[in-house]
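Student: Could you take me through one part of this model closely, the pocket, and then set it in the context of the whole chain?

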Amino acid sequence: MGAKGDFAKLDRLVAAFTALSAAAMTLTAAAARAAEQVSAKSFDREASPTGRRWAALAPSTLRGRPPGKKLAGLLPARVWQVIGAGRFRVTSPKDYDLYHATGTRKMPQREDLPVNPGGMMVYGEAIHSELMAELRHVFKGLQ
């Protein structure tokens with residue numbers, strides 16, 4: 001039994017899925033860059049991704065450090081890694097990084113990572129925007 005149809009469209013669809021699969025690591029790297037930029041913007045503004053100002057540092061902390069931005073040493077110490085298609089992570093050699101991001105019983109949260117629902121939305125929007133730009137680039141050659 002013969003098949004009828006527009007096989008050129010099917011070929012273009014197959015090519016699009018192939019291009020998307022081949023671009024998985026590129027897309028993941030783009031998403032990681034977008035997330036890193038959101039985090040850096042939080043450090044620059046000294047505020048959560050949603051704009052809530054960070055709490056002041058404790059007087060005991062301020063006595064032992066030079067003047068300047070809060071948590072200035074955390075951002076450059078972070079390592080953003082693509083660990084597979086669709087997966088990236090951020091790590092820090094500074095053990096207190098997590099405590100600032102999430103807060104403790106004695107220390108207020110100084111969020112820059114998407115640990116709260118509002119922050120997830122900001123990160124999601126930035127990553128979506130970056131992915132759409134990258135996808136337009138990937139599919140431009142297939143038209």
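Tutor: Happy to; here is the pocket, then two residues, then the chain as a whole.

This is a predicted model, where local features need pLDDT of at least 70, side-chain atom pairs count only at pLDDT 80 or more, and totals for chains, interfaces and linings use all residues. Residues are numbered from 1 along each chain as its sequence is written, and side-chain values use heavy atoms, with hydrogens and water left out.

The largest pocket holds about 180 Å³ of space. On a 1 Å grid over the protein atoms alone, a pocket is an open set of points where a 1.4 Å probe fits, with protein on both sides within 12 Å along at least five of seven lines; lining residues have an atom within 4 Å of a point. Points are joined across faces, edges and corners, and the volume is the space filled by probe spheres set on them. There are 14 lining residues, and Leu 57, Thr 61, Arg 65, Leu 71 and His 100 lie nearest the centre of the pocket. By class, the lining has nine nonpolar, three polar and two charged residues (nonpolar: Ala, Val, Leu, Ile, Met, Phe, Trp, Tyr, Cys and Pro; charged: Asp, Glu, Lys and Arg; polar: the others, Gly among them).

Now for Ser 48, in the loop between helix H2 (24-45) and helix H3 (59-63). Ser 48 counts as buried because its relative accessibility is 0%; buried means under 20% relative accessible area and exposed over 50%, with partly exposed in between (1.4 Å probe, protein chains only). Leaving out residues up to four places away in sequence, Ser 48 touches Ser 42, Trp 54 and Glu 111, a contact being heavy atoms within 4.5 Å.

Asp 11, by contrast, is exposed, because its relative accessibility is 53%. This residue lies in helix H1 (residues 7-22), and its C-alpha atom is separated by 44 Å from that of Asp 112, 101 residues apart along the chain.

Stepping back, the chain has six helices and two strands, in the order α-α-α-α-β-β-α-α along the sequence. These are DSSP runs numbered from the N terminus (helices H or I, at least four residues; strands E, at least two). The C-alpha atoms fill a box of roughly 80 × 25 × 25 Å along the principal axes. Of the 143 residues, 29% are buried. Among contacts with a separation of 6 or more, 57% join residues 24 or more positions apart.
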